[in-house]
Amino acid sequence: MAENNAVPMIQAIDLTVGYGDIVVLENINFTINKGEIFVIIGGSGCGKSTILKHLIGLYEPIKGDILIKGESIVKADWDEKRRIMKSFGVLYQSGALFSALTITENIALQLEEYTDYPEDEIFRRVNEKLKLVGLEGAGPKMPSELSGGMKKRAALARAMALDPEILFFDEPSTSLDPVTAAMMDRLIIDLRDRLGTTMVIVTHDLDSIYAISDRVIMLDKATKTIVARGKPSELRKSNPPPSVKEFLERAGLSRKMD
Amino acid sequence: MAEEKDRIIETEVQKQFRLHEPQIRPAIEYTGEASLKFWKDIINILAIIGEIAEASWFAIRNPRRIRWRETLFYMDICGADALPISCMICYLMGLILGFQASLQMHKFGTDLYVADMVGLSIVKELGPLMVAMICTGRAGSAFAAEISTMKVSEEIDAMVTMGFNPSRFLIIPKLLALILVMPVLTVFGNVLGIIGGMTVGVFSLGLPVITYFNRTVLVITPRTFSEGLIKSAVFAVLIAAVGCLRGLEAKNDTHGVGSAATSAVVSGIFLVIIADTLMTYLFSRF
Ligand SMILES: Nc1ncnc2c1ncn2[C@@H]1O[C@H](COP(=O)(O)OP(=O)(O)OP(=O)(O)O)[C@@H](O)[C@H]1O
Ligand SMILES: [Mg+2]
């Protein structure tokens, strides 16, 4: 059992990612432990979404390996990949709700496919998730009838449908108002504390970096590597390179304001 | 020196707009590239048909897990909504054929053979073909546009990471809907086409309705009738497959959606004609 705990949730080993011949990030190494809130930051276009999509197995890396609970998602064949994928939920940058289905159907889809729950149990669970993200009553609506922020929250409800072990977020708080963004942060911390869910979060939101993250890595477009890593508070003290400093100082600024 | 710099800047600018600039390329280069693309395309089409076969096999073994609600939805938009236009076009087709045939047959005094000519052409060829053309334009392009839009909005990615097989979720309901609906449309089209021919026979050649009808029933054997329906079902598979393929391989932008739809129609028509040629040959041999 002790040995089992020692296996990290996610491991990126010498990871080089990109599109075709274009290398976006090179020789990335990091480890994410169970129950950790791991935040990936960096300027726009530095490859945050790219690395996230590699971690969830959508793209094949140019080089290196990704281990999810010690199993390589890179070398897995499609059946194994699907099995690994079922253990995590993903919140996409654009929400990615299925536009042909209602919100309830979107959230119920995985429950219908992967569990034997009767219909009323599925319905109960769907409503529970909707309540969690503050969207009670939005179930019968179509995704096109929701605002950007509501879509994002509905998508989060869908990502949580099977109570996954790992949740990936691509910019959860963009297009949310400050109050809802803070609610999202609380929700993330609450989920981690209650269920021990591991969270991998890509974000620009400086407040939430300080509020929720256990560990941060910062990617850089120019050097194509990780330029800073550690606890956010430690990062600021430890005389980081200018680009990192600027990013974090702006975070400090916006924190002073409230 | 300044001129030199200007030129460099100009080419930089040109590079940015390279998509919108018409390109004149050597014919050999173009031919080579086009045939390579064509070859890759054939491989892709075969691959997707293989994938569809696998997904269909899964569907046959687990009929409960077919997404019937979506299938019904597509049957509605591909079938019910396409019925008036299919009937209309087939009726006009019968009318045109009847008229052309009546001109020739009348010369030989074999007016009644108009019924043979129209009946056989419609049931064996034109009924299935016209319905296939309409379905390529309506359903094939719609499938491609739908799937490529889903790609742009990350819905396909979401589907994959939720552990679903996109072919089972996206292709099977569409394929099933078309396979069920196109033969039915063809039957309606056949009937209307024959009525078109009959209109000419009765009003222009003065044949009695019952004579024309009896002649038609005599020449259209169950075999010819089912040949047409088999063709129609095969066309359905091709149209659905190529529509979904074009959607799945679309570029990740809004421009990609448009070209996916266009390309679905062009390749759909092409494949349907090829398959028709092959099947006509095969049916004539056996
Ligand atoms: N499909 C693609 N093909 C080629 N290059 C791509 C593709 N998608 C992204 N890129 C490139 O990869 C780099 C990283 O893109 P990515 O979307 O990962 O950035 P990001 O860090 O998520 O930015 P943002 O914060 O704006 O979402 C960019 O320079 C982009 O131009
Ligand atoms: Mg991004």
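## Around ligand 1, and a helix pair in chain B

Helix α2 (residues 48–55) of chain A gives the largest share of the shell around ligand 1, namely three residues. Keep in mind as you look around that this is a predicted model.

So who else is there? In total, 14 residues surround ligand 1. The closest are Ser44(A), Gly45(A), Lys48(A), Ser49(A) and Thr50(A). Sorted by class, the shell has eight polar residues, three charged ones and three nonpolar ones.

Some side chains in chain A put an N or O atom close enough to an oxygen atom of ligand 1 to count as a polar contact, for which the cut-off is 3.5 Å. Here are three of these pairs:

| Side chain | Partner | Distance |
|---|---|---|
| Ser49(A), polar atom | oxygen atom of ligand 1 | 2.6 Å |
| Gln93(A), N or O atom | oxygen atom of ligand 1 | 3.2 Å |
| Glu171(A), N or O atom | oxygen atom of ligand 1 | 3.2 Å |

How much of ligand 1 does the protein cover? On its own, ligand 1 has 640 Å² of accessible area, and the protein covers 63% of that.

Now hop over to chain B for a pair of helices. Two packed helices are described by the distance between their axes and the angle between those axes. In this case the pair is helix α5 (residues 113–152) of chain B and helix α7 (residues 166–203) of chain B, whose axes come within 8 Å and cross at roughly 145 degrees. The crossing of α5(B) past α7(B) is right-handed. As for what sits in the contact of α5(B) with α7(B), there are 16 nonpolar residues, along with seven polar and two charged ones.

Terms used:
Residues are numbered from 1 along each chain as its sequence is written. Chains are lettered from A and ligands numbered from 1 in the order in which they are written. This is a predicted model: local features need pLDDT of at least 70, side-chain atom pairs count only at pLDDT 80 or more; totals for chains, interfaces and linings use all residues. Side-chain values use heavy atoms; hydrogens and water are left out. A residue is near a molecule or strand if one of its heavy atoms lies within 4 Å of it. A polar contact is a pair of N or O atoms within 3.5 Å; within protein, one must be able to donate a hydrogen and the other to accept it, and residues adjacent in sequence count only if both atoms are side-chain atoms. Accessible areas come from the Shrake-Rupley method with a 1.4 Å probe; for residues, only the protein chains shown count as cover. Helices (H or I, at least four residues) and strands (E, at least two) are DSSP runs, numbered from the N terminus. Ala, Val, Leu, Ile, Met, Phe, Trp, Tyr, Cys and Pro count as nonpolar, Asp, Glu, Lys and Arg as charged, and the others, Gly among them, as polar. Axes are lines fitted to C-alpha atoms, for helices over the stretch in contact, and angles run from 0 to 180 degrees between N-to-C directions. A crossing is left-handed if the near helix is turned anticlockwise from the far one by less than a right angle, and right-handed if clockwise.
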